[in-house]
Amino acid sequence: MKDLCRGYILVVEEDHDLGRLFEAVLAIDGYHVTVTPHIYEAHRILSQREPDLIIFDWSLHNAAGYVWVDELRTTAHTAHIPILLVCGMQPPRSIYEMLASAGVPIIEKPFDLIAFNRCVAALIQPRARAIGA
């Protein structure tokens, strides 16, 4: 029996071990996952394949995550892709409010894997229904 892929997720995570954890947890749930530690690599990946969800931290060493959220939301090619931020610490209130108004959910580390999986499924399911999957 062929495994059914539930969706394609792009994860931008600088911590190698956390990136592997995301990949393993999401793969167990049936998602195809690509993990990269760098925004510039994520841009290359986005130009080749459109993910059903992008997961990253708002505070990256090689870019400000909230700036990338703004870029993703204002670019026609990526504006419709759901985003999930997984943060080591909550962003300042002004950034948090900007992200909330952009419809970007935030999960704080350490996080419950069941809650994480539910959030991922909730973000991907409406998109799958919208495209007829």
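**Salt bridges, a buried glutamate and strand S4**

Biologist: Is Arg-93 buried or exposed, and what is its relative accessible area?
Modeller: In this predicted model, a residue counts as exposed when its relative accessible area is over 50%. Arg-93 is therefore classed as exposed, its relative accessible area being 66%.

Biologist: With which residue does Glu-97 form a salt bridge?
Modeller: Glu-97 is partly exposed, at 42% relative accessible area. The partner lies, like Glu-97, in helix H4, 4 residues apart, or about one turn of the helix. The closest N and O atoms of the pair are 3.0 Å apart, and the salt bridge joins Glu-97 to Arg-93.

Biologist: How far apart are the closest N and O atoms in the salt bridge between Glu-41 and Arg-44?
Modeller: Glu-41 and Arg-44 are separated by about one helical turn because they are 3 residues apart in helix H2 (residues 39–48). Glu-41 is partly exposed at 23%, and Arg-44 is partly exposed at 37%. Their salt bridge has its closest N and O atoms at a separation of 2.4 Å.

Biologist: Which residue meets Glu-13 in a salt bridge?
Modeller: The structure holds 3 salt bridges. In the one formed by Glu-13, the N to O distance is 3.7 Å, and the partner side chain is that of Lys-109.

Biologist: How many residues apart in the chain are Glu-13 and Lys-109?
Modeller: Glu-13 belongs to the loop between strand S1 (7–12) and helix H1 (16–28). Lys-109 sits in the loop between S5 and H5. The pair thus links distant parts of the chain, with a separation in residues of 96.

Biologist: Is Glu-13 buried or exposed, and at what relative accessibility?
Modeller: The cut-off for a buried residue is under 20% relative accessible area. Lys-109 does not fall under that cut-off, because it is partly exposed at 23%. Glu-13 does, so it counts as buried, with a relative accessibility of 8%.

Biologist: To which residue does the backbone nitrogen lying 3.0 Å from a polar side-chain atom of Glu-13 belong?
Modeller: Setting aside residues up to four places away in sequence, Glu-13 touches Leu-18, Gly-19, Phe-22, Thr-36, Pro-37 and Lys-109. The backbone nitrogen in question, 3.0 Å from a polar atom of the Glu-13 side chain, is that of Asp-15.

Biologist: What is the approximate omega of the peptide bond joining Lys-109 and Pro-110?
Modeller: Pro-110 is placed in the loop between strand S5 (106–108) and helix H5 (113–130). The bond joining Lys-109 to Pro-110 is cis, and its omega is about -10°.

Biologist: How many residues of strand S4 (residues 83–87) are buried?
Modeller: On one side of S4 point Ile-83, Leu-85 and Cys-87, and the other way point Leu-84 and Val-86. The residues pointing either way are all buried. For this mostly covered strand of 5 residues, the buried count is 5.

Biologist: Which residue of S4 is the bridge partner of Ile-55?
Modeller: Strand S3 (residues 53–56) pairs with S4 in the parallel sense, over 3 bridges. Within S4, Ile-55 has as its bridge partner Leu-84.

Biologist: Which residue in S5 stands opposite Val-86?
Modeller: S4 and S5 run parallel and are joined by 3 bridges. Opposite Val-86, in S5, stands Ile-107.

Biologist: Is the β-α-β crossover from S4 to S5 right-handed or left-handed?
Modeller: Between S4 and S5 the chain passes through helix H4 (residues 93–101). The handedness of this β-α-β crossover is right-handed.

Key:
Residues numbered from 1 in each chain as written. Predicted model: local features only at pLDDT ≥ 70, side-chain atom pairs only at ≥ 80, totals over all residues. Heavy atoms only, no water. Helix = DSSP H or I, 4+ residues; strand = E, 2+ residues; numbered from the N terminus. Buried < 20%, exposed > 50% of the residue type's maximum accessible area, 1.4 Å probe, protein only. Polar contact = N/O pair within 3.5 Å; in protein donor to acceptor, adjacent residues only side chain to side chain. Contact = heavy atoms within 4.5 Å. Pairing = 2+ DSSP bridges. Right-handed = clockwise from strand over helix to strand, strands pointing away. Salt bridge = Lys/Arg side-chain N within 4 Å of Asp/Glu carboxyl O.
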